[in-house]
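Have the model open and ready to rotate? Let's walk through it together, one element at a time.

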Amino acid sequence: ATTTLGVPAGARTVPGCSAPTKAPAYGVTGGYLLYVALPDHGGKARLAEAIGVSDISIRNGFVVLHTAAAGIAEKLCRHHAANTPPADEAKDAAAADHSAARPAGDKDNKGNGGIAALYTKAQALAGQQVFTHICATCHGKDLQGKSGPQIAGAAFLKKAKLLGWSVGNLRSLVVSTMPRSTPGSLKPQQYADVLAYLLAVNCYPAGHNKFPTKTTAALKHTALKPPPNIKPDNGDLGTCAFHPEQKAGLGTSG
């Protein structure tokens, strides 16, 4: 809820490192929701789910609700400023990235639904072990959320689709902010394995290529949304079952 996935669909988002100039607005930076700005003269706005307000301030005619992510705002904004190129450079970089070729063989490594297969079954199994020992405490064994947010299933993927997220966006958020108590503390391969497991439970198909330890063009160009032509094993949650003796992330074609 304190990430951009917690922002209501269609809501106005503004840079979270700058003071609000409009309201209602949702201040986001680095994938995090840092504040919700509301007008101080009436009206209403829908809040993100369980944003965990840390404090409230009144600034320039706005009531600003600072979320639980505000504690790392300084770090996020410092990182954002250091890694944001001038406008022309950013435009050129985006154009170059859009035209970048996918890794060799990726376009032919399609799973069910005709989408790129970004991980292997063995890797998802390794990721399940990491998730069980490190992530399940907050996100739940079924990935439906506890103290942390839901990260699998129809509702999660629908919200990700509305926000235009890619698998690359998901990787960036997980690698830079998880585990919650010690962000960035896992080994690169552990992060890759966990992300493979998340894709499996979200019904993305397994293939022959391992989920990479670095962002690739394939991750950036693979939308995070309900995989087409895949019937989830759990129709209520919209997730696919994954056990050692079962096929990872294949669901049922149909």
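Start with the helix crossing in this predicted model: H5 passes H6 in a right-handed crossing. To find the pair, look for H5 at residues 167–177 and H6 at residues 188–201. Their axes come within 11 Å and cross at roughly 130 degrees. Angles from 65 to 115 degrees count as roughly perpendicular and those over 145 as roughly antiparallel, so H5 and H6 are oblique to each other.

Which residues in H5 and H6 meet here? From H5 come Val167, Leu170, Arg171, Val174 and Val175, and they meet Tyr191, Leu195, Leu198 and Leu199 in H6. Sorted by class, this contact has 8 nonpolar residues, 1 charged residue and no polar ones.

Stay on H6 for a moment and bring in another helix, H3, at residues 121–139. The axes of H3 and H6 come within 7 Å and cross at roughly 100 degrees. With 65 to 115 degrees counted as roughly perpendicular, H3 and H6 are therefore roughly perpendicular to each other. On the H3 side, the contact is made by Gln123, Ala124, Ala126, Gly127, Gln128, Val130 and Phe131. H6 contributes Gln189, Gln190, Ala192, Asp193, Val194, Ala196, Tyr197, Leu198 and Ala200. The contact of H3 with H6 divides into 10 nonpolar, 5 polar and 1 charged residues. If you have both contacts on screen, you will find Leu198 of H6 in the one with H5 and also in the one with H3.

Now turn to the strands. Five of them, in the order S1-S2-S3-S5-S4, make up an open sheet with mixed pairing. Which strands lie at the edges of this sheet? They are S1 (13–15) and S4 (55–59), each of which pairs on one side only. On average, neighbouring strands of the sheet are turned by 30 degrees against each other, with direction ignored.

A good place to trace the pairing is S2, at residues 25–29. S2 pairs with S3 in the antiparallel sense over 5 bridges, and within this pairing glycine 27 stands opposite tyrosine 35 in S3. The two strands form a hairpin with 2 residues between them. If you check the backbone angles in that turn, glycine 30 has a positive phi of about 60 degrees.

Is S3, at residues 32–39, mostly covered or mostly open? Mostly covered: 7 of its 8 residues are buried. S3 also pairs with S5 in the antiparallel sense, again over 5 bridges, and here alanine 37 stands opposite valine 64 in S5. Move on from S5, residues 62–66, and you reach S4, joined to S5 by 5 bridges. S4 and S5 run antiparallel, and the bridge partner of isoleucine 58 is valine 63 in S5.

Finally, step back to view the whole chain. The protein has 7 helices and 7 strands. From the N terminus, the elements run β-β-β-β-β-α-α-α-α-α-α-α-β-β. Of the 254 residues in the protein, 41% are buried. How do contacts reach along the sequence? Taking those between residues at least 6 apart, 60% join residues at least 24 apart.

How values were computed. Residues are numbered from 1 along each chain as its sequence is written. This is a predicted model: local features need pLDDT of at least 70, side-chain atom pairs count only at pLDDT 80 or more; totals for chains, interfaces and linings use all residues. Side-chain values use heavy atoms; hydrogens and water are left out. Axes are lines fitted to C-alpha atoms, for helices over the stretch in contact, and angles run from 0 to 180 degrees between N-to-C directions. Helices (H or I, at least four residues) and strands (E, at least two) are DSSP runs, numbered from the N terminus. Angles under 35 degrees count as roughly parallel, over 145 as roughly antiparallel, 65 to 115 as roughly perpendicular and the rest as oblique. A crossing is left-handed if the near helix is turned anticlockwise from the far one by less than a right angle, and right-handed if clockwise. Contact means heavy atoms within 4.5 Å. Ala, Val, Leu, Ile, Met, Phe, Trp, Tyr, Cys and Pro count as nonpolar, Asp, Glu, Lys and Arg as charged, and the others, Gly among them, as polar. Two strands pair if DSSP finds at least two bridges between them. Buried means under 20% relative accessible area, exposed over 50%, partly exposed in between (1.4 Å probe, protein chains only).
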